[in-house]
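Subject: Structure handover

Hello,

I am passing a structure on to you, with notes on what was found in it. Please look at it first and then read on.

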Amino acid sequence: IGRAVATNPTLAAARARQDARAEAPAQARAAALPIASVEGGVDYDRESDGRTASAAVSAAMPIWTGGRVNSALRVARAEVKAGEEELRDAEAGVLAEVVLSYADLLYQQQAVEVAKLGIGRLDRQVAEAQSRYRLGQATRTDVAQLEAQRASLAAALAQAEGALADATARYTATIGEPEGALSREITPPAALPATLAEARGAAVAANPLLLRQSQLVEAARAGIDRERSERAPAIDLAGRYSRGTMLDNRPGAGFENASVGVALRLPLLSGGMVQSRVREAQATHRAEQYEYEAVGRSTAQSVDSAWAALLAARGGLSANQLGLQAAELALAGVRSEYRYGLRSTLDILVADQSLTAAQLAVARSHRDLLLAQTHVLRVSGRLNSGSYAGN
């Protein structure tokens, strides 16, 4: 997981976009800070003094902005926080893809192992049947049935190996490098909610999509104040100093000029532009509030659905593990009874197929449980690079 987070190009692009967005507060704050500039030039006027050279320094400092800077800063900060939550959701999405790739690869590895074990069992059973056939205790049909089942498992193994190659390729594309045999034992994440109520509370407090929308509502609210501030007066303190010299007619003769003043800007008429932009900002704020309610409902539904899937995955794993134990005991019993002539070859084939199906069902349940846990962590806002750090 750590490698995927560090090297995933999609996530790196999202981080770069957030870095760009994080500059917005500094840009908004700059409107309240003093600015200065230096300018110079050479002029020519043949009817007066000919050529003149001059240089000037000018500076201006806002004294009163009518709330423009503060409201713009609030908008920028809220948008940056919204971007942080968007980045957190992007990271959770990458982690979910990693877990999905891991779970698929783990399942395919186990499917290949199950097929190989099944072939090994049938190889031993075919050898035993052939021996019994030579002793007259079994028929050629018994041997053929076992050989046919062995060939079927060989075909299943070939399919499983193809699926494993595909899962390995997808895992490598997600992680950035290939992986060997994966561990079946995956400790449940410590951050996994213990109850549905805890999952719901965690989602309200930490779901990145919900928190992002909350910040967008705040940004829209500040946007109303920003548009309203365009009707307020602004006061600037400005100063300028210039100095020049004559280059023709009276070379070396100089002149200078200095000025300091306060500038007041008071909007009178805007053709209805400011009022229109205020109404637009108010409508945007209402839209973001409705969107927040929609995201909240969607989040609550996602939490309930994810929790139901988690309970189903846990129940399925427990039931399939019991089924696997029963299938192992059944195959061992049928084999023992077969040696005494109490069971037929068909009974062995049925028991062996049941064991193979039970082994695959347990492997699939492990996959489903891992994905269900990850989904609960994601919708509750607790899926991060440390969620599976202990595995």
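How are α4 and α7 oriented to each other? They are roughly antiparallel, a term for angles over 145 degrees (under 35 counts as roughly parallel, 65 to 115 as roughly perpendicular and the rest as oblique). The axes of helix α4 (residues 68–134) and helix α7 (residues 208–228) cross at roughly 165° and come within 8 Å. Axes here are lines fitted to C-alpha atoms, for helices over the stretch in contact, with angles running from 0 to 180 degrees between N-to-C directions. Helices are DSSP runs (H or I, at least four residues), numbered from the N terminus.

The crossing of α4 and α7 is left-handed, meaning that the near helix is turned anticlockwise from the far one by less than a right angle. In the contact of α4 with α7 there are ten nonpolar, three polar and twelve charged residues. Asp, Glu, Lys and Arg count as charged; Ala, Val, Leu, Ile, Met, Phe, Trp, Tyr, Cys and Pro as nonpolar; the others, Gly among them, as polar.

Before the salt bridges, a note on the source. This is a predicted model, in which local features need pLDDT of at least 70 and side-chain atom pairs count only at pLDDT 80 or more, while totals for chains, interfaces and linings use all residues. Residues are numbered from 1 along each chain as its sequence is written, and side-chain values use heavy atoms, with hydrogens and water left out.

The whole structure has 24 salt bridges, each a side-chain nitrogen of Lys or Arg within 4 Å of a carboxyl oxygen of Asp or Glu. One of them pairs Arg170 with Asp104, with the closest N and O atoms 3.4 Å apart. Arg170 is in helix α5 (residues 140–175) and Asp104 in helix α4, so this pair ties together parts 66 residues apart in sequence. Arg170 is partly exposed at 35% relative accessible area, whereas Asp104 is buried at 11%. Buried means under 20%, exposed over 50%, and partly exposed in between (1.4 Å probe, protein chains only).

Helix α4 also holds Arg121, and Asp352 lies in helix α9 (residues 345–379), so their pair ties together parts 231 residues apart in sequence. The N to O distance in the salt bridge of Asp352 and Arg121 is 2.8 Å, and both residues are buried.

A further salt bridge joins Arg343 and Glu337 (2.5 Å, N to O). Arg343 is partly exposed at 36%, and so is Glu337 at 30%. Finally, shared partners link Asp104, Asp166, Arg170, Arg367 and Asp368 into one network of salt bridges.

Regards

Key: Helix = DSSP H or I, 4+ residues; strand = E, 2+ residues; numbered from the N terminus.
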